[in-house]
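Trainee: Could you take me through the salt bridges of this model in some detail, with attention to where the partners sit and how exposed they are?

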Amino acid sequence: MADINVSFEFFPPKTPEMNIRLWASIKRLAPLRPDFISVTYGAGGSTRARTHETVARITKETDIHAAAHLTCVAATKDEVDDVLKEYWAVGVRHVVALRGDPPGGAGEKYIPHQNGYANAAELAAGARRIADFEISVGCYPEKHPDSSDFDTDIDLLKAKIDAGATRAITQFFYFNDVYFRYLDRVRAAGIDIPIVPGVMPITNFKGLIKIATICGASVPSKLVRLFENLDDDPKTRQLVAATMAAEQCLDLVAQGVDQFHFYTLNRAELVFALCHMLGVRPDKGAQDAA
Ligand code: FAD
């Protein structure tokens, strides 16, 4: 099996209990030497302080690169620039530049802030003006729901790359063919940066259906059937979810994928097991540093 590189996404914790779980997960996954650990930014900047605190602590207490997500929602350019400067000041060198969803939630019409960055491409350019950040962006194998067609969608990805993005991380998907068809389109359009598959192991199937509908990600009927009648059976649900995620990852590897971004939802167990199966094993020397 080829050498596989991984990155892990976490969200900033709301409560002390969630903070304990987050840090237990980071400590469990850090010895796998991910390329980076990213921390999401809540809708409308709601997690500004908590995202900052979390990326700052990762930067200070581990030797893993932290990437801070940042969105354009409900903020002026100056406010967003301040957040970027704060990240840079604590040693964060990598930003995941995103437009974000409308304050009313995904699915509503997006209206940029009058004095804000209009989209992720503008934000990426803004970040590059502030400092020499590494920039990752989001991309959409089933196209973003706001895009009228794939060509428009891919043009917008190109604009993000022209603005400085050097990596795109995909929205989660459960049909691997969808990812490979998208990769073909992107490469045919002359885009050559890594298009890293975003893998989201299923922890809550009902919740997933809701999010997938909003994000425009399709859920195979095979998955729906597999999770039937398991609402009150969390153990079986977990085993099915693990099997499905392993099947998806191993198939991606068999088809040449060598980079994964895991949406961990702040839980380490399943992602750790998936990494183990992909040949990504703890670097013993790094365990104490984590
Ligand atoms: P953009 O690429 O800027 O644009 C998205 C769509 O808007 C385009 O595809 C297009 O349809 C339309 N659009 C943009 N610019 C134009 C234009 N000039 N003209 C016409 N149409 C335009 N959300 C959060 O709130 N916090 C997070 O931490 C977060 N992390 C994410 C991580 C990943 C890997 C991904 C894939 C998504 C993440 N999201 C996050 C969700 C993301 O904010 C939403 O999907 C949002 O709707 C689009 O963000 P974007 O950066 O892809 O937008």
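Mentor: What follows looks at salt bridges one pair at a time and then turns to two backbone angles. Please keep in mind throughout that this is a predicted model, and that every value below is computed from its atoms.

A search of the whole structure returns 8 salt bridges, and I will discuss some of them, beginning with Arg 57 and Glu 61, whose closest N and O atoms are 3.0 Å apart. Both of these residues belong to helix H2, which covers residues 48–61, and they are 4 residues apart, or about one turn of the helix. Arg 57 has a relative accessibility of 28% and therefore counts as partly exposed, and Glu 61, with a value of 37%, is likewise classed as partly exposed, since that class takes in whatever falls between the 20% and 50% cut-offs.

A second pair joins Arg 128 to Asp 132, and here too the closest N and O atoms lie 3.0 Å from one another. The arginine of this pair, Arg 128, has a relative accessible area of 38% and is partly exposed, whereas Asp 132 reaches 55% and is exposed, because the exposed class begins over 50%.

The next salt bridge brings together the side chains of Arg 167 and Glu 134, with an N to O distance of 3.0 Å. This pair links distant parts of the chain, for Arg 167 is in strand S6 (residues 165–170) and Glu 134 is in strand S5 (residues 134–139), with their positions 33 residues apart in the numbering. Arg 167 has a relative accessibility of 12% and so counts as buried, the limit for that class being under 20%, while Glu 134, at 34%, counts as partly exposed.

Turning from side chains to the backbone, strand S5 also borders a loop worth inspecting, namely the one between S5 and helix H5 (150–162), where Lys 143 is found. The phi of Lys 143 is near 65°, a positive value in a residue other than glycine. Leu 265 offers another case, having a positive phi of about 50° although it is not a glycine. The position of Leu 265 is in the loop between strand S9 (259–263) and helix H10 (269–277), and its relative accessibility of 32% places Leu 265 among the partly exposed residues.

Conventions. Residues numbered from 1 in each chain as written. Predicted model: local features only at pLDDT ≥ 70, side-chain atom pairs only at ≥ 80, totals over all residues. Heavy atoms only, no water. Salt bridge = Lys/Arg side-chain N within 4 Å of Asp/Glu carboxyl O. Helix = DSSP H or I, 4+ residues; strand = E, 2+ residues; numbered from the N terminus. Buried < 20%, exposed > 50% of the residue type's maximum accessible area, 1.4 Å probe, protein only.
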